[in-house]
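Me: I have a protein model to go through. Please take me through it with questions and answers.

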Amino acid sequence: MSLLDGNALAGRLDDLLGWDATASLVRCRHCGVPGLLATAAVYASDMGVVVRCRSCEAVLVTLVDAPDGRTWLGMPGLSALEIRRA
């Protein structure tokens with residue numbers, strides 16, 4: 001398993017959401033600490049990606065690609081996600 005920062009998700013989240021969510025402010029549901037998604041700890045493996053809070057290590061986001069082309073995106077640890085409009 002590789003430890004990366006949230007910037008590693010930029011292309012993948014842009015593909016899925018249509019915008020670069022790594023530049024967005026998020027707030028951890030568990031400890032309440034805000035920060036850019038780009039600064040979160042990302043653990044990547046062949047099974048998927050787990051994004052953890054740098055403050056309390058709670059799971060913020062999960063991302064799993066199924067072999068049949070479906071993608072599962074979970075955000076169990078986010079109490080807020082900033083969405084910037086142009």
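Reply: Contact means heavy atoms within 4.5 Å. This is a predicted model, in which local features need pLDDT of at least 70 and side-chain atom pairs count only at pLDDT 80 or more, while totals for chains, interfaces and linings use all residues. Residues are numbered from 1 along each chain as its sequence is written, and side-chain values use heavy atoms, with hydrogens and water left out.

Me: Which residues does H30 touch, not counting residues up to four places away in sequence?
Reply: H30 sits in the loop between β2 and β3. Helices (H or I, at least four residues) and strands (E, at least two) are DSSP runs, numbered from the N terminus. Not counting residues up to four places away in sequence, H30 touches C56, A58, V59 and G77.

Me: How far apart are the C-alpha atoms of H30 and G77?
Reply: H30 and G77 are 47 residues apart along the chain. H30 nevertheless touches G77. Their C-alpha atoms are separated by 6.7 Å.

Me: Is H30 buried or exposed?
Reply: Buried means under 20% relative accessible area, exposed over 50%, and partly exposed in between (1.4 Å probe, protein chains only). The relative accessible area of H30 is 53%, so H30 is exposed.

Me: In what order do the elements of the protein chain run from the N terminus on?
Reply: The secondary structure of the protein chain comes to one helix and eight strands. From the N terminus on, the order is β-α-β-β-β-β-β-β-β.

Me: Why is the protein chain said to be as compact as a globular protein of its length?
Reply: The radius of gyration is taken over C-alpha atoms, and the globule rule is 2.2 Å times the number of residues to the power 0.38. For 86 residues the rule gives 12 Å. The protein chain is as compact as a globular protein of that length because its radius of gyration is close to that value, at 12 Å.

Me: What share of the residues in the protein chain is buried?
Reply: The protein chain has 86 residues. Buried residues make up 29% of them.

Me: Where does S24 lie, and is S24 buried or exposed?
Reply: S24 lies in the loop between α1 (10-17) and β2 (25-28). Not counting residues up to four places away in sequence, S24 touches W19, G35, L36, L37, L81 and E82. At 2% relative accessibility, S24 counts as buried.

Me: Is A40 buried or exposed?
Reply: A40 is in the loop between β3 (34-36) and β4 (41-45). Leaving out residues up to four places away in sequence, A40 touches L4, D5, G6, V51, R52, R54 and L60. The relative accessibility of A40 is 5%, so A40 counts as buried.

Me: Which residue in β4 is the bridge partner of L4?
Reply: Strand β1 (residues 2-5) and β4 run antiparallel and are joined by four bridges. Two strands pair if DSSP finds at least two bridges between them. In β4, the bridge partner of L4 is V42.

Me: How many residues lie between β4 and β5 in their hairpin?
Reply: β4 and β5 pair in the antiparallel sense over five bridges. One of the partnerships joins A44 to V49 in β5. Between the two strands of this hairpin, the number of residues is two.

Me: Which residue in the turn between β6 and β7 has a positive phi?
Reply: Strand β6 (residues 59-65) and strand β7 (residues 71-74) pair in the antiparallel sense over four bridges. T62 has its bridge partner in β7, namely G74. The two strands form a hairpin with five residues between them, and the turn residue with a positive phi, of about 95°, is G69.

Me: Which residue has a positive phi although it is not a glycine?
Reply: The residue is found in the loop between β5 (48-52) and β6. At 55% relative accessibility, it counts as exposed. With a positive phi of about 70°, it is E57.

Me: Which residues is S79 in contact with, leaving aside neighbours within four places in sequence?
Reply: S79 is found in strand β8 (residues 78-81). With a relative accessible area of 37%, S79 is partly exposed. Leaving aside neighbours within four places in sequence, S79 is in contact with R27, C28 and R29.
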